[in-house]
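Reader: Please show me the model, and then let us go through its confidence, its packing and a few individual residues with some care.

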Amino acid sequence: MIKIALDVMGGDNCPDSNIDGALLALEKSSDIHMVLCGPEELIKEKLGAKSKVSMDRISIIDASEVITTNEHPVSAIQKKKDSSIVKGIMAVKNNEASAFISAGSSGAVLAGGQLKLGRVKLVQRTPLATIIPTKKGVSLLLDCGANVDARPEWICQFARMGSLYMEKVMGIKNPVVKLVNLGLEDEKGNAFIKSVKPMIEALPNINYQGYIESREIPYGAADVIVTDAWTGNAMLKLYEGTGSVLISTIKSTLMSGFITKIGALLIMPKLKKELKRFDASEYGGAPLLGLKGLIVKCHGNAKAKEICNAILQCESFVNAGINEVLTEYLEEDAKAIDEAMKLFGNA
């Protein structure tokens, strides 16, 4: 059994959507045991209302406190030791769970992971990695918000971690890695991008294929899209907002008149299938890569389906042994990056 801890009190739709998502995941996979973190009496009350629930694959970690989104993340982690976020992260640290999922405060989840778990050996910074839908399938965008400032060697490590994730978890052989830039030519980009280029090219065993412009991303021009967190977060939110507007516009147009409604009936089965690919909840949450344990952050407005998919995502991650693989490859990468820094005067 893979034990996965869930912050029952995280997100806009807690606790019901979180509990429903956990139960749905238990139905879909027989290899999962859920560890629900939150007020024990409340959790028992919610589970009791669902008559078919068996407690054989559910355990509860009582947590009396909740960290809100308007609290200072580091301070909240330090002070609210009985919160559902801290209790869940500590369950991973103490080997009571193999992963922790939360739709709660992003800052607290990120800070808690760094402070309580620590990083895998040689990992300098841990990126937040998000699966995004594209015309060809999906791509991984990182960093999406964990490290606002960046150094060239961090970006190189993000590229390696993203490549391993797409290969080992998503099953994409030899994933294409590209670096976000404002043009494709070698002379394009600011000083930071130009300093990253020779280092990322020096990485062994990575399928790096140069720069990518933002407009190429929805077409699936790369499997792994690497950038700094400020850029990545801005791109992700624009991507999600644009997708939401387009889907809403298509639906309203199809329902705007008698003729369009008839057309909608004819195309609806195919349209639903295509639009489903662009639903963020289909891909679970965003893992914080490079920690000594797995933490996945879901959207604050996550509903049961997204929570369920995040749980199944964790199952794949644990089975792939990503953290163990990271340690092996990053040692080799560290030497290559060091040589590139010396060669190009960035040491």
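The questions and answers that follow go from confidence to cores, helix pairs and single residues.

Author: This is a predicted model, in which local features need pLDDT of at least 70 and side-chain atom pairs count only at pLDDT 80 or more, whereas totals for chains, interfaces and linings use all residues. Residues are numbered from 1 along each chain as its sequence is written, and side-chain values use heavy atoms, with hydrogens and water left out.

Reader: In which helix of the protein chain is confidence lowest?
Author: The protein chain averages a pLDDT (the predictor's confidence in each residue, from 0 to 100) of 87, and 93% of the residues score at least 70. Where pLDDT is low, the predicted coordinates should not be read in detail. Confidence is highest in strand S9 (residues 224–226), at 97, and lowest, at a mean of 70, in helix H11 (residues 322–343); helices here are DSSP runs of H or I with at least four residues, strands are E runs of at least two, and both are numbered from the N terminus. The helix asked for is H11.

Reader: Which helix gives the most residues to the largest nonpolar core?
Author: A nonpolar core is a set of buried Ala, Val, Leu, Ile, Met, Phe, Trp, Tyr and Cys residues joined through side-chain atoms within 4.5 Å, where buried means under 20% relative accessible area, exposed over 50% and partly exposed in between (1.4 Å probe, protein chains only). The largest such core has 64 residues, of which Ile4, Met34, Leu36, Ile101 and Ile311 touch the most other members. With 9 residues, the largest contribution to this core comes from helix H6 (residues 152–168).

Reader: How are H6 and H7 oriented to each other?
Author: Two packed helices are described by the angle between their axes and the distance between the axes. H6 and helix H7 (residues 191–201) have axes 9 Å apart at an angle of about 50 degrees, the axes being lines fitted to C-alpha atoms, for helices over the stretch in contact, with angles from 0 to 180 degrees between N-to-C directions. Angles under 35 degrees count as roughly parallel, over 145 as roughly antiparallel, 65 to 115 as roughly perpendicular and the rest as oblique. H6 and H7 are therefore oblique.

Reader: Which residues of H10 meet H1?
Author: The axes of helix H1 (residues 16–28) and helix H10 (residues 304–320) come within 7 Å and cross at roughly 50 degrees, which makes H1 oblique to H10. On the H1 side, the residues involved include Gly21, Ala22 and Ala25. Their partners in H10 are Ala304, Ile307, Cys308, Ile311 and Leu312.

Reader: Is Ile295 buried or exposed?
Author: Ile295 is found in strand S11 (residues 294–297) and is in contact (heavy atoms within 4.5 Å) with residues including Ile89, Phe100 and Val109, leaving aside its neighbours within four places in sequence. The C-alpha atoms of Ile295 and Val92 are separated by 8.6 Å, although the two are 203 residues apart along the chain. Because its relative accessibility is 1%, Ile295 counts as buried.

Reader: At what relative accessibility does Leu110 count as buried?
Author: Leu110 lies in helix H5 (residues 106–117) and touches Leu128, Gly145, Ala146 and Leu288, not counting residues up to four places away in sequence. Leu110 counts as buried because its relative accessibility is 15%.
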